[in-house]
Amino acid sequence: MSKESKKEITVRNKQAVETTSGEPTWSGRFFTPAADIYSSDEAITLVLDMPGVTQEELDIDLRDGVLTIVGKVPDEPAEYRLMQQEYEIGGYLRRFNISDKVDRDGISAKLKDGVLTLVLPKAEEIRPRKIEVHVG
Amino acid sequence: MWRWNTSVFDDLLRMQREMEQLHRSLSSAVGPRVYPAINIYDSPEGYRLRAELPGIDPASLDITVTRNEVVLKGERTLPELEENSHYHRRERDHGKFSRAFAMPDNIDPDAVLARYEHGVLDVLLPRLPEAQPRKVAITS
């Protein structure tokens with residue numbers, strides 16, 4: 001038994017993204033960030049793990065119903081020599097289809113400690129409503 | 001003749017590189033591994049251990065360093081959802097972790113610096129002064 005035999009949490013290997021078509025300006029490797037998606041009556045929330053991404057290197061784009069999230073991560077300095085490698089350095093790329101039922105102007109984003117949180121408010125007309133029953 | 005030999009050698013080298021790349025991509029597809037994923041570098045300032053730990057409270061991290069070992073412990077917790085919310089997709093992991101790394105026996109534990117930035121932990125492990133390379137002057 002190794003010292004590390006009782007772990008409750010495991011690493012998900014980074015999944016490389018193919019960016020050969022349509023994105024000629026991007027160079028380097030991109031990985032799919034792990035994402036949680038949850039919803040409430042008011043909004044859909046996307047939470048993405050993007051360690052190493054700064055606000056300046058994050059690009060969020062919504063067009064034609066597709067939300068594209070791209071984060072770039074700088075390479076390690078060239079004078080650093082790898083002694084042990086378990087993760088690869090690269091950017092993050094993920095796309096989500098956004099339904100018409102999202103209030104697109106109301107989308108907000110927050111990046112903190114390598115975690116991106118996107119809140120997509122549901123459009124007013126699809127929010128569940130309590131119907132009052134009047135007793136006649 | 002020599003040119004021909006050289007190009008064959010180049011081809012073999014290229015094939016070898018491709019095989020190594022394939023091997024790396026296959027071995028990295030073998031899951032699950034111990035959390036968090038780390039890289040260790042040898043830098044001019046000392047060894048550097050980096051770990052991808054997005055969304056961690058740095059106060060929950062416990063880093064212990066001796067001359068030849070680094071132990072990293074912590075817990076990643078995700079906030080509870082509000083009552084009327086529910087998950088559609090859950091890919092982000094949470095839980096406790098503890099890892100130990102054997103290092104060359106020349107770390108100066110008193111000089112260690114740890115930084116947490118943009119979800120990446122960076123632990124700088126300076127080498128003990130006597131272990132640093134010294135330029136030797138030759139007198140004639």
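Two strands count as paired if DSSP finds at least two bridges between them. The exercises below apply this to a predicted model.

**Exercise 1.** Determine how strand β3 of chain B pairs with strand β9 of chain B, and which residue stands opposite R48(B).

*Solution.* Step 1: locate the strands; β3 of chain B covers residues 46-52 and β9 of chain B covers residues 120-125. Step 2: count the bridges; six join these strands. The cut-off for pairing is at least two bridges, so β3(B) and β9(B) pair. Step 3: read the direction; β3(B) and β9(B) run antiparallel. Step 4: find the partner of R48(B); L124(B) in β9(B) stands opposite.

**Exercise 2.** Place this pair in its sheet and identify the edge strands.

*Solution.* Step 1: write the order of the five strands, β8(A)-β2(B)-β3(B)-β9(B)-β8(B). The sheet is open and its pairing is antiparallel. Step 2: look for strands that pair on one side only; these are β8 (81-85) of chain A and β8 (113-117) of chain B, the edge strands. Step 3: add the twist, which averages 20° from one strand to the next.

**Exercise 3.** Describe chain A by its secondary structure, burial, contacts and surface.

*Solution.* Step 1: count the elements; chain A has eleven strands and zero helices. Step 2: take burial, with under 20% relative accessible area as the cut-off; 39% of the 136 residues in chain A are buried. Step 3: take contacts in chain A between residues at least 6 apart in sequence; 53% of them join residues at least 24 apart. Step 4: take the accessible surface of chain A, about 8,600 Å², with 47% belonging to carbon and sulfur atoms.

Definitions and conventions: Residues numbered from 1 in each chain as written. Chains lettered and ligands numbered in written order. Predicted model: local features only at pLDDT ≥ 70, side-chain atom pairs only at ≥ 80, totals over all residues. Heavy atoms only, no water. Helix = DSSP H or I, 4+ residues; strand = E, 2+ residues; numbered from the N terminus. Axes fitted to C-alpha atoms, helices over the stretch in contact; angles between N-to-C directions. Buried < 20%, exposed > 50% of the residue type's maximum accessible area, 1.4 Å probe, protein only. Contact = heavy atoms within 4.5 Å. Areas by Shrake-Rupley, 256 points an atom, 1.4 Å probe, with all protein chains shown as cover.
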